[in-house]
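Biologist: I would like a close look at one part of this protein, namely the helix and what surrounds it. Please take me through the pairings and contacts there, and set that part in the context of the whole chain.

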Amino acid sequence: MEINIGIRDGGAPVQLDVDMTADALVEYVKHKIADDDTLEFTGSDGARVLVPIQALGYLKIAKAEQHRVGFGFV
C-alpha cells in the first residue's frame with residue numbers, strides 16, 4: 001500500500017510503500033495519535049521512516065491497485 005506522509009512546515013511529502021492494509025494503517029495512526037507517540041513505518045524495500053506525531057501534517061493512503069491477469073482484473 002502506497003502512503004504519502006505530509007510533514008508540518010516541511011517540503012514535499014515522504015512517499016513510502018508499506019505492507020499494511022488501509023484499515024490497519026488507520027488504526028495504527030489513531031493509536032499513535034492517542035498515545036502522542038512517534039510513527040514508525042518500514043517500507044517494502046526496508047527503508048524506515050520515523051515521524052514525531054507533532055510533525056504529522058497528513059497521511060494519504062493510496063487506492064489499492066487491482067492486479068491484471070490477462071484481460072481482466074483480480
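Modeller: What follows starts with the whole chain, moves to the sheet and the helix, and ends with the hairpin and the core.

The model is predicted. The protein chain has one helix and seven strands, and from the N terminus on the elements run β-β-α-β-β-β-β-β. Of its 74 residues, 22% count as buried. Among the contacts with a separation of 6 or more, 46% are between residues 24 or more positions apart.

The sheet comes before the helix here, as the helix packs on it. Three strands form this open sheet, in the order S2-S1-S5, with antiparallel pairing. Strand S2 (14-17) and strand S5 (56-61) are at the edges; each has a single partner strand, so one side of each has no neighbour in the sheet. On average, neighbouring strands of the sheet are turned by 20° against each other, direction ignored. Strand S1, residues 2-7, pairs with S2 through four bridges in the antiparallel sense. Within that pairing, Ile-3 is opposite Leu-16 of S2. Helix H1, residues 22-35, packs on the sheet and touches S1 and S5, its direction making about 165° with that of S5.

Asn-4 gives a view from within the sheet. This residue belongs to strand S1 and is buried, at a relative accessible area of 14%. Apart from neighbours within four places in sequence, Asn-4 contacts Pro-13, Val-14 and Gln-15, and also Tyr-58, Leu-59 and Lys-60. Val-14 and Gln-15 fall in the range of S2, and Tyr-58, Leu-59 and Lys-60 in that of S5.

Now to the helix itself, through three of its residues. Tyr-28 is part of the one aromatic pair in the structure. The ring centres of Tyr-28 and Phe-41 are 5.7 Å apart and the planes lie at 70°, so the pair counts as edge-to-face. Because Tyr-28 is in helix H1 and Phe-41 is in strand S3 (residues 38-42), the pair ties together parts that are 13 residues apart in sequence. The partners have separate accessibility classes: Tyr-28 is partly exposed, with a relative accessible area of 21%, whereas Phe-41 is buried at 1%. The cut-off for buried is under 20%, so Tyr-28 at 21% falls outside that class.

Val-29 is the next residue to consider. Not counting residues up to four places away in sequence, Val-29 touches Leu-39, Phe-41, Leu-56 and Leu-59.

Lys-32 is also in helix H1. With a relative accessible area of 15%, this lysine is buried. Beyond four places in sequence, Lys-32 is in contact with Asp-37, Thr-38, Leu-39 and Ile-53. Lys-32 forms a salt bridge with Asp-37, in which the closest N and O atoms are 3.1 Å apart. Asp-37, at 34% relative accessibility, is partly exposed. Side chains of opposite charge can pair when their charged atoms come close.

The structure holds two salt bridges, and the other one leads to the hairpin. Glu-40 and Arg-48 form a salt bridge with 2.0 Å between the closest N and O atoms. Glu-40 is partly exposed at 35%, while Arg-48 is exposed at 59%. Strands S3 and S4 run antiparallel and are joined by five bridges; Leu-39 has Val-51 in S4 as its bridge partner. These two strands form a hairpin with five residues between them, and Gly-46 in the turn has a positive phi of about 95°.

In a regular strand the side chains alternate between the two faces of the sheet. Strand S4, residues 48-52, shows this alternation: Val-49 and Val-51 point to one face and are buried, whereas Arg-48, Leu-50 and Pro-52 point to the other and are not.

The residues met so far come together in the largest nonpolar core, which has twelve residues, including Ile-3, Leu-16, Val-29, Leu-39, Phe-41, Val-49 and Val-51. The elements that contribute two or more residues to this core are S1, H1, S3 and S4. From helix H1, the core takes in Leu-25 and Val-29. Ile-53, a contact of Lys-32, and Leu-56, a contact of Val-29, also belong to the core.

How values were computed. Residues numbered from 1 in each chain as written. Predicted model: local features only at pLDDT ≥ 70, side-chain atom pairs only at ≥ 80, totals over all residues. Heavy atoms only, no water. Pairing = 2+ DSSP bridges. Axes fitted to C-alpha atoms, helices over the stretch in contact; angles between N-to-C directions. Contact = heavy atoms within 4.5 Å. Buried < 20%, exposed > 50% of the residue type's maximum accessible area, 1.4 Å probe, protein only. Phe/Tyr/Trp six-rings, centres within 6.5 Å; stacked < 30°, edge-to-face > 60°. Salt bridge = Lys/Arg side-chain N within 4 Å of Asp/Glu carboxyl O. Core = buried A, V, L, I, M, F, W, Y, C linked by side-chain atoms within 4.5 Å.
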